[in-house]
Each structure stands twice: as structure tokens, then as C-alpha cells.
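Hi,

Here is the structure I promised to pass on. Have a look at it first, and then read on for what turned up.

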Amino acid sequence: MSGRFTGKSILVTGAGSGIGLATAELFAREGASVLAVDLDEKIEGAFRENPSITVMRGDAGSEADVTAMIAAAVDRHGGLDVICANAGISGGMKGLFDQTAEDWETLLRVDLIGPFLAIKHGAKAMLAAERPGAIICTASVAGLRAGAGGPAYSAAKAGVINLVQTAAQQLTGSGIRVNAVCPGLIETGMTQALYDLARAKNRENMIGQLNPLQRGGDPVEIANAIGFLASDEASYVNGHALVVDGGLSTSHPFAKPRVLGETTF
Ligand code: NAI
């Protein structure tokens with residue numbers, strides 16, 4: 001199949017569910033050979049019908065596992081052009097006084113050290129092969145300001161946004177681009193409990209009401225943004241955090257007009 005990613009070797013972490021799963025499918029649909037990695041055993045049964053996607057179990061927060069998954073992508077596909085450091089955990093919504101140092105260590109290991117390891121070892125592999133590519137990390141609107149996750153999650157995602165800027169600078173002259181995507185509220189495994197609760201209470205129409213599009217997002221809408229950042233169309237986009245949130249983060253909290261047009265701003 002020919003497409004934007006024909007001939008490209010692409011690694012996606014956290015590919016067993018949600019945004020990572022949709023991203024792996026998008027890359028495969030557009031011609032790439034994809035290595036889909038997840039910590040959970042469900043990855044072993046995933047993508048069975050898709051010959052462009054092979055799978056592997058691995059921990060995105062472990063340096064040994066990240067090294068192994070990058071080596072596997074290089075071995076299986078003859079190189080590595082794109083890495084999506086997407087795996088993440090939310091850590092729940094425990095507040096400042098309830099989170100422990102261990103909670104922070106667990107969360108930062110996956111959500112911040114994970115992207116660092118993917119950039120470090122992925123860029124090394126690209127440099128060794130003299131094949132500069134693109135690295136995309138999944139951050140979050142939680143990294144822009146408070147209110148979209150617990151303290152550790154927000155701090156980790158803010159760290160990812162800075163990490164892609166710092167890494168882009170550190171890789172000056174390499175041709176490797178490092179960017180992030182900042183999703184708003186997306187229906188995935190991570191947010192399933194929230195969606196299930198809203199549906200159980202017949203309040204599905206309340207989901208996403210804080211953003212101007214007044215709906216939650218679909219994983220494919222984030223995959224599309226990741227696909228853009230990975231593609232040659234984004235050849236001059238570097239060190240950027242692309243917000244994909246229906247407009248959620250554009251405003252400070254304010255009382256919205258109930259009906260469009262009721263209030264003049
Ligand atoms: P999800 O829970 O559906 O998928 C995350 C996947 O990552 C799961 O399959 C899980 O098994 C895997 N995973 C967890 N820890 C791992 C590890 N150490 N190594 C490898 N795989 C691991 O959730 P979703 O939403 O698709 O999450 C993907 C990314 O999107 C995460 O980084 C998350 O923080 C981010 N995000 C999600 C938002 C949402 O509303 N769903 C909003 C903003 C950001």
C-alpha cells in the first residue's frame with residue numbers, strides 16, 4: 001500500500017489501547033511497517049489481521065526495554081524513522097495531600113522518563129543509521145495548566161512539553177525533529193470510567209462541555225495530529241507541542257452563554 005509513510009519503520013508505545021492503537025493503525029494504513037509495543041499482554045492478541053503491524057511486550061519506562069524495542073524495530077524493518085512515545089498512566093485523581101513520593105516515582109517513570117528514554121535511544125539509532133526521523137511524545141493539556149489530572153500527571157506532562165523543546169535543541173544539526181501532541185479529553189481506556197459513569201447517569205451529553213466544540217475527542221483525531229507531526233508535511237515543525245483539545249485550553253474559566261449568540265463578546 002502506498003501512502004505518506006510507505007517504506008517507513010515506526011515504533012508506537014502504549015499501542016494496545018486508545019490513542020496508541022489508533023496511531024499504529026493510521027501509520028499501517030498509510031504504508032508503514034509498525035512495531036506496536038505495550039506493557040499489557042493484550043498487545044499479543046492485537047493487530048492479528050494487520051500484516052503491517054508486529055507486536056512486542058515492553059515497559060516504556062524501563063531503559064533496558066526501550067533499548068530492546070528500538071533494536072527490534074531496527075532488526076524487523078531495517079531501520080527506524082518515527083518513534084511515538086505515547087504510553088502513559090494517569091495515576092488517578094488523588095490530590096496533593098494524598099499522593100505519595102512513591103506515586104510520583106511510579107508516574108514520572110512512565111510518563112516523563114519514558115519519553116526521555118525513547119528520545120535518547122531513538123535518536124541514537126537514527127544518528128547511527130544516518131537516517132534522521134521524527135519523534136512524537138504524547139503530552140496532554142494537563143501539562144499546560146492545572147485541572148486535567150492529578151499533580152504528578154500534570155507535572156509529568158508539563159515536563160514532556162519542555163522535554164521536546166530541550167531535545168530539539170540538543171539534537172541541533174541532526175535533522176531529527178522532536179514534537180509533542182497535547183490531547184484534551186479523549187475516549188480511551190484511560191478515561192473509560194468517566195465515560196461509563198456519564199452514560200450510566202444519562203449524562204453523556206455533558207462530556208466535553210468545557211470546550212467550544214462541546215464534545216469529547218476520538219483517538220483517531222489525536223492519531224491524525226501525530227501522523228501530521230510524523231510526516232514530511234511537518235518538515236519545519238520542531239520542538240512544538242500541538243494542542244488537540246477542541247479549544248479547551250484557549251480560555252480561562254468563564255460563564256459561557258447558554259445559547260450561541262446570546263452574548264456579545
Ligand atoms: P489507554 O489507557 O487507552 O492507553 C494507554 C496504553 O499504554 C495502555 O494500553 C497501557 O497498557 C499502556 N501502558 C501503560 N504503561 C505502560 C508502560 N510502562 N509501557 C508500555 N505501555 C504502557 O490511554 P490513552 O488515553 O490512549 O493514553 C495514551 C496517551 O495519551 C497517554 O500518554 C496519556 O497520558 C495521553 N493522554 C490521554 C488523554 C485522554 O483523554 N485519553 C488526554 C491527554 C493525554
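Let's start with a small puzzle: is Glu 63 buried, exposed or partly exposed? Glu 63 has a relative accessible area of 36%, so it counts as partly exposed. Before going further, please keep in mind that this is a predicted model.

Glu 63 is also a good way into the salt bridges, of which the structure holds nine. Its partner is Lys 120, and the closest N and O atoms of the two are 2.9 Å apart. Glu 63 sits in helix α2 and Lys 120 in helix α3, so this pair ties together parts that are 57 residues apart in sequence. Lys 120 is partly exposed too, with a relative accessible area of 30%.

Another pair to look up is Arg 4 and Glu 30, whose closest N and O atoms are 2.7 Å apart in their salt bridge. Arg 4 comes from the segment before β1, while Glu 30 belongs to the loop between α1 (18-29) and β2 (33-38), so the bridge ties together parts that are 26 residues apart in sequence. The two ends are not equally covered: Arg 4 is partly exposed at 30% relative accessibility, whereas Glu 30 is buried, with a relative accessible area of 19%. The cut-off for buried is under 20%, so Glu 30 at 19% falls on the buried side of it. Glu 233 joins in as well, since Arg 4, Glu 30 and Glu 233 are linked in a network of salt bridges.

One more bridge: the side chains of Glu 204 and Arg 199 meet at 3.1 Å, N to O. Glu 204 counts as partly exposed at 41% relative accessibility, and Arg 199 is partly exposed with a relative accessible area of 32%.

Now for the empty space. How many cavities of 30 Å³ or more does the structure hold? There is one, and about 70 Å³ of space lies in it. Its lining is made up of 13 residues, and Thr 13, Ala 60, Ala 85, Gly 114 and Ala 118 lie nearest the centre. The elements that give two or more residues to this lining are β1 (9-13), α2 (63-77), β4 (82-85) and α3 (101-128). Helix α3 provides the largest share, with four residues. By type, the lining divides into eleven nonpolar residues, two polar ones and no charged ones.

The second largest pocket has another make-up. Its volume is about 210 Å³, and 15 residues line it, with Lys 8, Arg 177, Ala 230, Ser 231 and Asp 232 closest to its centre. Here the lining splits into five nonpolar, four polar and six charged residues.

Last, a residue you might click on: Ala 168, in helix α4 (residues 151-170). At 11% relative accessibility, Ala 168 counts as buried. Which residues is Ala 168 in contact with, leaving aside its neighbours within four places in sequence? They are Val 178, Asn 238 and Gly 239. If you want a residue elsewhere in the model to compare, try Pro 51: the C-alpha atoms of Ala 168 and Pro 51 are separated by 33 Å, and the two are 117 residues apart along the chain.

Best wishes

Methods. Residues are numbered from 1 along each chain as its sequence is written. This is a predicted model: local features need pLDDT of at least 70, side-chain atom pairs count only at pLDDT 80 or more; totals for chains, interfaces and linings use all residues. Side-chain values use heavy atoms; hydrogens and water are left out. On a 1 Å grid over the protein atoms alone, a cavity is a set of points where a 1.4 Å probe fits but cannot get out, and a pocket is an open set with protein on both sides within 12 Å along at least five of seven lines; lining residues have an atom within 4 Å of a point. Grid points are joined across faces, edges and corners, and a volume is the space filled by probe spheres set on the points. Ala, Val, Leu, Ile, Met, Phe, Trp, Tyr, Cys and Pro count as nonpolar, Asp, Glu, Lys and Arg as charged, and the others, Gly among them, as polar. Buried means under 20% relative accessible area, exposed over 50%, partly exposed in between (1.4 Å probe, protein chains only). Contact means heavy atoms within 4.5 Å. A salt bridge is a side-chain nitrogen of Lys or Arg within 4 Å of a carboxyl oxygen of Asp or Glu.
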